[in-house]
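Subject: Structure handover and findings

Dear colleague,

Please find below the structure that I am handing over to you. My notes on helix 1 and on the salt bridges follow it.

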Amino acid sequence: MKRSRINEIIRESEAFIRSHGFVLPPFANWTPEEFVARKDEAKAIIDARCGWDITDYGKGDYDNMGLFLFTLRNGRLADLQKGRGMCYAEKLLISNENQLSPHHTHVIKAEDIINRGGATLVIELFGSDEEGRFSETHGGTVHTDGIPRPYGPGERIHLAPGESITLLPGDWHAFWGEGGTVLIGEVSTVNDDETDNVFRLPIGRFADIEEDEPPFRLLVSDYRNWLM
């Protein structure tokens with residue numbers, strides 16, 4: 001992706017988030033230069049990889065396959081392994097109409113996906129085979145707003161604003177907006193986007209960036225080069 005397009009998406013996403021009455025934390029407004037100047041005091045933010053995250057899954061077609069994310073808070077894997085401490089994470093996502101987030105599951109993370117406002121969120125589900133691999137013939141059971149809901153392979157669940165779904169490791173899911181753009185909340189156990197995303201197809205989690213202009217905001221994928 002071109003950096004200019006990423007900058008544009010950030011500005012558009014800020015406006016969309018504000019239009020739904022949600023206010024991002026102060027570090028969301030830091031310029032790259034301010035982040036560099038404050039990197040020592042921001043160590044917890046950097047280590048947890050909180051902040052801006054825009055991906056086209058390495059395919060160069062963001063409008064058709066991509067996702068906007070902002071990690072608001074994220075716990076520590078060591079705490080999750082101990083079973084106490086900061087074992088949780090929270091994100092905001094934006095999915096545009098028919099913009100696919102492709103089928104994937106997680107090794108560790110359990111997550112609630114919540115339609116926070118806008119259009120309808122469509123979740124397409126498949127189950128796992130006996131070895132945990134994507135299966136076109138297996139279904140499973142999820143919870144929608146606390147109510148168990150069995151699903152068959154390829155079943156689509158439509159979430160209106162305020163509705164949610166709980167996904168566990170082994171629930172393979174893809175999603176997109178229907179009828180417009182959707183503001184999505186994600187509340188989960190500790191999030192590790194480096195290692196815990198398992199995609200059905202051989203795609204990447206992060207975008208390859210063409211630096212055609214300076215960054216407006218740093219992405220979490222920029223932290224290694226800018227701050228470490």
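In these notes, a residue is called buried under 20% relative accessible area, exposed over 50%, and partly exposed in between, with a 1.4 Å probe and protein chains only. This is a predicted model, in which local features need pLDDT of at least 70 and side-chain atom pairs count only at pLDDT 80 or more, while totals for chains, interfaces and linings use all residues. Residues are numbered from 1 along each chain as its sequence is written, and side-chain values use heavy atoms, with hydrogens and water left out.

Helix 1

Helices (H or I, at least four residues) and strands (E, at least two) are DSSP runs, numbered from the N terminus. Helix 1 comprises 17 residues, 3-19, and its end C-alpha atoms lie 24 Å apart, in agreement with the expected 24 Å at 1.5 Å a residue. That expected span is 1.5 Å times one less than the number of residues.

The buried residues of helix 1 are R3, I6, N7, I9, I10, S13, E14 and I17. Because they cover an arc of only 160° around the axis, they sit on the same side of helix 1; the arc is taken from the directions between the helix axis and the C-beta atoms. These buried residues pack against strand 1 (51-55), strand 2 (67-74), strand 3 (88-95) and strand 10 (172-189), where contact means heavy atoms within 4.5 Å. Just after helix 1, G21 adopts a positive phi of about 75°.

Salt bridges

A salt bridge is counted when a side-chain nitrogen of Lys or Arg is within 4 Å of a carboxyl oxygen of Asp or Glu. The structure holds 22 of them.

Within helix 1, E8 and R5 form one at 3.0 Å, N to O. The two residues are three apart in the helix, which means that about one helical turn separates them. E8 is partly exposed at 39% relative accessible area, and R5 is partly exposed at 25%.

E194 and R49 form another, at 3.1 Å, N to O. This pair links distant parts of the chain, 145 residues apart: E194 is in the loop between strand 10 and strand 11 (197-199), and R49 in the loop between helix 3 (43-47) and strand 1. R49 is buried at 19%, whereas E194 is partly exposed at 42%.

R73 also bridges to E90, with the closest N and O atoms 2.6 Å apart. Since R73 lies in strand 2 and E90 in strand 3, the pair ties together parts 17 residues apart in sequence. R73 is partly exposed, at 36% relative accessibility. Finally, R5, E8, E12 and D63 are joined into one network by salt bridges that share partners.

Yours sincerely
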